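Q: Got a minute? I'd like to go through this structure with you.
A: Sure, put it up.

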Amino acid sequence: MEADGELLLRLRSGDEGAFVSLVQRYQEQMLCLATSFVPSRAVAEEVVQDTWLALLRGLDGFEGRSSLKTWLFRILVNQARTTGTREHRSIPVPDPEPAVDPARFDASGSWADPPEHWVEAAEGRLEAGKAADRIRTLIDELPARQREVVVLRDVEEMTSEEVCSVLAISEGNQRVLLHRGRSRLRQLFEDEFRGVR
Amino acid sequence: MRLLLRRDLVCQQAVELVTDYLEGALSPRARRRFEAHLAGCPHCTEYLAQMRQTIRLTGRLEPEDLTPQQRDEFVDLYRRWRSGQD
C-alpha cells in the first residue's frame with residue numbers, strides 16, 4: 001500500500017486518483033467516528049464530506065508536523081463537534097465498569113466461569129473472509145467514547161499520543177476508555193466465536 | 001495451601017490491569033506482581049492472549065471498497081473543488 005506521504009505529494013500536484021485513494025483508505029473509519037458525535041448517519045456523511053473539503057482547502061497550509069492521518073481525523077472531530085450536539089466531552093470518564101462480568105468470579109475473586117477459548121476459531125473465520133463484517137458490527141456496538149478510542153488505536157493503529165490529540169482527551173482517560181472498549185470487545189468476540197469450528 | 005498474601009493479585013484484579021500492562025504503564029513492581037499472577041494462573045494467561053487477539057483482529061480490518069457510485073461522487077467533489085480554486 002502506498003504511504004500517506006506519497007499520496008500527499010501526488011495530491012499536492014493535483015492528482016485526483018490520489019484523492020480517491022485517500023478516501024478509500026479513511027472514509028469508512030471517518031464515518032464510524034463521526035457517527036458517535038452527531039445524531040444521524042446522514043449528518044455524519046455531511047461531516048465527512050466537509051472534512052474532505054477542508055483537507056483539500058488546507059493542503060497548502062499543512063506543514064506535516066503531525067501525520068496526514070492525525071491531521072485528517074483532527075479536522076473530522078472538530079467538524080463533528082461543531083455540528084454535533086454532544087457537549088459533555090470534557091467531563092470525566094463515567095462510572096467504573098468492570099472488564100469482566102463480576103458474576104464470572106467466585107467470592108475470592110478467582111475465575112469461577114473462566115474465559116472460553118476462541119482465538120484460533122476467530123483467526124480461521126477471518127482468514128476465510130467470514131468474520132470481517134461481524135467484527136465491524138461488534139465494534140459498532142461499543143459505547144461511543146470507547147468506540148472512538150478503539151477505532152483510532154486498534155483499527156487505525158495510531159499511538160496513544162495521536163489519539164489524545166485527535167480527541168482532545170487526557171492520556172489517563174484515553175487509557176481507561178481503551179481498556180473498557182477492548183475488554184468489552186473481547187467479551188463480544190468470546191460470545192461470537194466460542195464453540196465455532 | 002499457601003496463605004493469600006496481601007500483595008498477591010486475584011484474577012478479578014488482574015483482568016483490570018491488562019491494558020496498563022500492554023501499554024507499558026505499570027510500575028516495575030506492579031508489572032512483576034502481574035506477571036507472577038499470570039505464571040500461576042492459566043485462565044488469566046488465556047485472558048491476556050484473548051486481549052492480544054482482540055487487538056490483532058481489529059487491526060486487521062481493511063476498509064471496504066468504495067462503490068462505483070461513491071467513487072464518482074468523490075471524483076466529482078474533487079473536480080468541483082479544483083474548478084472553484086482556479
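Q: Which residues does Leu76(A) touch, leaving out those up to four places away in sequence?
A: Leu76(A) touches Met30(A), Leu33(A), Ala34(A), Val47(A), Val48(A) and Thr51(A). Two residues are in contact if their C-beta atoms, placed from the backbone, lie within 7 Å.

Q: Is this model predicted, and how are things numbered?
A: This is a predicted model: local features need pLDDT of at least 70, side-chain atom pairs count only at pLDDT 80 or more, and totals for chains, interfaces and linings use all residues. Residues are numbered from 1 along each chain as its sequence is written, while chains are lettered from A and ligands numbered from 1 in the order in which they are written.

Q: Which residues touch the most other members of the largest nonpolar core?
A: Ala34(A) and Leu76(A), in a core of 49 residues. A nonpolar core is a set of buried Ala, Val, Leu, Ile, Met, Phe, Trp, Tyr and Cys residues joined through C-beta atoms within 7 Å. Buried means 20 or more other C-beta atoms within 10 Å of the residue's own, with C-beta atoms placed from the backbone.

Q: What domains does chain A have?
A: Domain 1 (4–83) and domain 2 (102–193). The bounds come from an automatic or database domain assignment. Their centres, taken over C-alpha atoms, are 25 Å apart. Nine residues of domain 1 and twelve of domain 2 form the contact.

Q: New topic. How many residues does each chain give to the contact between A and B?
A: Chain A gives 41 residues and chain B gives 34.

How values were computed: A residue is buried if 20 or more other C-beta atoms lie within 10 Å of its own, exposed if 12 or fewer, and partly exposed in between; C-beta atoms are placed from the backbone.
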